[in-house]
Amino acid sequence: MIEMKNLDFRYANSNTGALNNFSLTVDEGEIVLLCGESGCGKTTVTRLINGLIPHFYEGELNGRVTVGGVDAVKAELYETARIVGSVFQNPRSQFFCVDTTSEIAFACENMGLPEDTIKMRIREAARDMEAESLLGRSIFKLSGGEKQKIACASVAAAHPEVFVLDEPTSNLDMEAIESLRRTILLWKSLGKTVVIAEHRLHWLRDVCDRVIYMSGGGIGIDLPMSKFAAMPPEKLQKLGLRPLSLDKLKNETPPAISGDTLELRNFCFSYDGKKQALDIKSLVLPRNGIIAVIGSNGAGKSTFSKCLCGLEKKFGGKVLIDGTACGRRALLKKSYMVMQDVNHQLFCESVEDEVRLGMSEDNEKDVQGILNQLDLLPYVDRHPVSLSGGQKQRVAIASALLADKEILVFDEPTSGLDYRHMKETAALFKSLLGKRTLFVITHDPELILSCCTHALHMENGGIREFYPLDDNGGRRLIDYFINNDKEEKNIEKTV
Amino acid sequence: MSQGVMQSDVGNHGLVLDPRTKLLLLITMAVFVLGGTGTAALWFLTPSLCILPLVLLLSAKKFISAVLYLTVYLATYSVFHFVGPKTTGVPNFLLLGTAGIITRFMPSVMMGIYVVSTTTVSEFTAAMQRMRVSERLVIPMSVMFRFFPTVADEFSSINAAMRMRGVSFAGKNAGKMLEYRLVPLLTCSSKIGEELSAAALTRGLGGDIRRTNVCEIGFRVLDYAMILVCIVPFIMLILRWFEVSVF
């Protein structure tokens, strides 16, 4: 179905090749997983299959790519698009339309299919993706998981022979991942060819037939899934890969922290005055710990973090630190959120200006020390926008530390990161343990088990559980991430 | 507001009008109320046309806008006609100026609000296609409407980040504030724009086949009624021209 032969590719503004003499043949009906560290060339391979390279992303290309009999290098993009359907990483930016029904129709409309056929296909795709209730809604009011469902439905409605998914789960919770897994199994049963480039591997264990491990723009390992899954977890770690199953995850028992506490009082908030998006009357949390905030999409995690940072103007709750009550305005001064897209919070022309913006004057002497601690000294004169994702994150943290922020909130800090980068982030968090109180909002169990001290499980705006991540707590957390989906279903059934 | 532009949820359209009818309504309002064409001779035209946006807003359940429109318009209208003549000099000038601008602009603006808040992008695209407008024009415009809410989203995130850093307009450096906002906005928007185009292209946009459009638009009884309402003033205007030229 897909044949790539002796491919060399170099992006237009880069010096090193993204692919070096890469050859790959994928048979019809095969489900292939592409994995490897960031920058290994996975995404480049997906872009060659759907024709974005060389037609959209330019560069130097040698070699042949044939997909379903079409020469993807020579053919126009819209010709390749009839055979290949693509799902991307960021649900925010892969929609052309603003309502869900038109979005599903979009690809079919471009193919010039008759109206009746398109309508039939919309219904069929929505049924297959369990997205019937989402038809006719505004795209901007959907959660990340719902958006990804619509993206899949939109691609499936065009009936392509090949599906290409580029890190589709980066922004998804466990429930949404499970739903995506069912979708891919459905495509498998229809005999479609699927290529998935992905960091999170655990959900693909019984989905993929074949695993391709890439490194340095070439193929390192090409094995059937059964053999690949038999490799010991340590070997996967060495390759820089995330584990294949969650139940073997180990909890690194966190060191004890001092007995100081933070007390949240009256953490209640409602957007429309009717439904409570957040409803926590009182909660005592350990100060200077690393607290993982978990729960499904829509559980109130982001409302919680916005209130904690003092960003909701009508929020009336308080946090007691050292016996002093901090209201909304004080919280705005005391807390800082590192957003999922760090680009939103980098304003200045150089790293040095950036970390000094909003700094309290007493911290002048600490600037060098903190930059050094966060490995930013070599970059002080660089423009923050030109840094890598991890470096940008560190700049944001440095500016928060210098502005004397007590509470740091991280929104999905490791979405789309490979094993090594995730571990780096975890190490960074650990270095702040005992100095600041960290809240980490995440769907990433591996990150939580590598660095967090406590888990705060939210559901429906309230607290379901709060527990320290000792051996017992670690078990509980893993159970939550493995069984989450089944549990949700059982609840639905009993209701 | 930007969240509401071309974003209406399906099912919240009020009186269902074809986008082309809405466009004609908007043009009529602009010509006769905003442009003031022929109002001297057709004195009853402006007030009757001004009722149109009110009716349409009410039908779309936009009660707040409708009430606001009614009160402001009536207030300025009475100021113009009753208070205005009693004043002299600079106050008179200011009063008549403001009232005049409001009575002229507001009806068309309200009509515009009605149009953008009850039309979806797909309806807009479908209407443009029926009017045989080139795809080279239609696609960039629909992308633009798609982009508004995205930019609004980005902007609110950036604002939140600035507040957490303690950077606000309270300081004296307004120029810097603009820069702080624009740099991240441009970085994020250009990235989103690129991803958006890539996604659209892999779904076959820009092919050599004529696109179909599943959006159901078409003229119904109500559309014909509205078109009639719009055509009448134009005909009257033309008739007047002939009369004038005869004399």
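The exercises below, each with a worked solution, concern a predicted model.

**Exercise 1. Describe how chain B is built from its elements and its domains.**

Begin with the secondary structure, which in chain B comes to eight helices and zero strands. Read from the N terminus on, the order of elements is therefore α-α-α-α-α-α-α-α. Next, turn to the domains: chain B is divided into domain 1, made of 13-120 + 220-247, and domain 2, made of 132-214. The C-alpha centres of domain 1 of chain B and domain 2 of chain B are 33 Å apart. Finally, consider burial, for which the cut-off is a relative accessible area under 20%; of the 247 residues of chain B, 43% count as buried.

**Exercise 2. Which residues form a nonpolar patch on the surface, and with about how much accessible area together?**

The patch consists of L23(B), I27(B) and M131(B), and together these residues have about 240 Å² of accessible area. To place one of them, look for I27(B) in helix α1 of chain B, which covers residues 19-34. The relative accessible area of I27(B) is 44%, and I27(B) is therefore classed as partly exposed.

**Exercise 3. Where is E361(A), and is E361(A) buried or exposed?**

First find the two helices on either side, α12 (351-356) and α13 (367-373) of chain A, because E361(A) has its place in the loop between them. Then take the relative accessible area of E361(A), which is 73%. Exposed means over 50%, so E361(A) is exposed. As a last step, note that E361(A) gathers with D362(A), D366(A) and D404(A) in a patch of negative charge on the surface.

**Exercise 4. Compare the surroundings of three salt bridges: E3(A) with K5(A), R181(A) with D206(A), and E446(A) with R242(A).**

Recall the general idea before starting: side chains of opposite charge can pair when their charged atoms come close. Over all chains, the structure holds 28 salt bridges.

Step one takes E3(A) and K5(A), whose closest N and O atoms are 3.8 Å apart. E3(A) has a relative accessible area of 35% and is partly exposed, and K5(A), at 46%, counts as partly exposed too.

Step two takes R181(A) and D206(A), with 3.0 Å between the closest N and O atoms. This pair links distant parts of the chain, since R181(A) is in helix α7 (residues 174-189) of chain A, while D206(A), 25 residues apart from it, is in the loop between β8 (193-197) and β9 (210-215). R181(A) counts as buried at 16% relative accessibility, whereas D206(A) counts as partly exposed at 49%.

Step three takes E446(A) and R242(A), where the closest N and O atoms are 3.2 Å apart. Here too the pair links distant parts of the chain, with E446(A) in helix α16 (residues 445-451) of chain A and R242(A) in the loop between α9 (233-238) and β11 (261-269), 204 residues apart. Both partners are buried: E446(A) has a relative accessible area of 4%, and R242(A) has one of 2%.

Step four asks about a network: salt bridges that share partners join E130(A), E178(A), R181(A), R182(A) and D206(A) into one.

**Exercise 5. How many residues apart along the chain are M174(A) and I482(A), and what separates their C-alpha atoms?**

Along the chain, M174(A) and I482(A) are 308 residues apart, and in space their C-alpha atoms are separated by 8.3 Å. M174(A) lies in helix α7 of chain A, and its relative accessible area of 9% means that M174(A) is buried.

**Exercise 6. Examine the backbone at P54(A), H159(A) and D322(A).**

Start with the peptide bond between I53(A) and P54(A), which is cis, with an omega of about 5 degrees; P54(A) is found in helix α2 (residues 52-55) of chain A. Next comes H159(A), which is not a glycine although its phi is positive, at about 50 degrees. H159(A) lies in the loop between α6 (144-157) and β7 (162-166) of chain A, and with a relative accessible area of 34% H159(A) is partly exposed. The last residue, D322(A), is not a glycine either and has a positive phi of about 55 degrees. Its place is the loop between β14 (318-321) and β15 (324-326) of chain A, where D322(A) is exposed, with a relative accessible area of 59%.

Definitions and conventions
Residues numbered from 1 in each chain as written. Chains lettered and ligands numbered in written order. Predicted model: local features only at pLDDT ≥ 70, side-chain atom pairs only at ≥ 80, totals over all residues. Heavy atoms only, no water. Patch = residues over 30% accessible without salt bridge, like charges linked within 9 Å, V, L, I, M, F, W, Y side chains within 5 Å. Areas by Shrake-Rupley, 256 points an atom, 1.4 Å probe, with all protein chains shown as cover. Salt bridge = Lys/Arg side-chain N within 4 Å of Asp/Glu carboxyl O. Lys, Arg positive; Asp, Glu negative; His and termini not counted. Charge placed at Lys NZ, Arg CZ, Asp CG, Glu CD. Helix = DSSP H or I, 4+ residues; strand = E, 2+ residues; numbered from the N terminus. Buried < 20%, exposed > 50% of the residue type's maximum accessible area, 1.4 Å probe, protein only. Domains from an automatic or database assignment.
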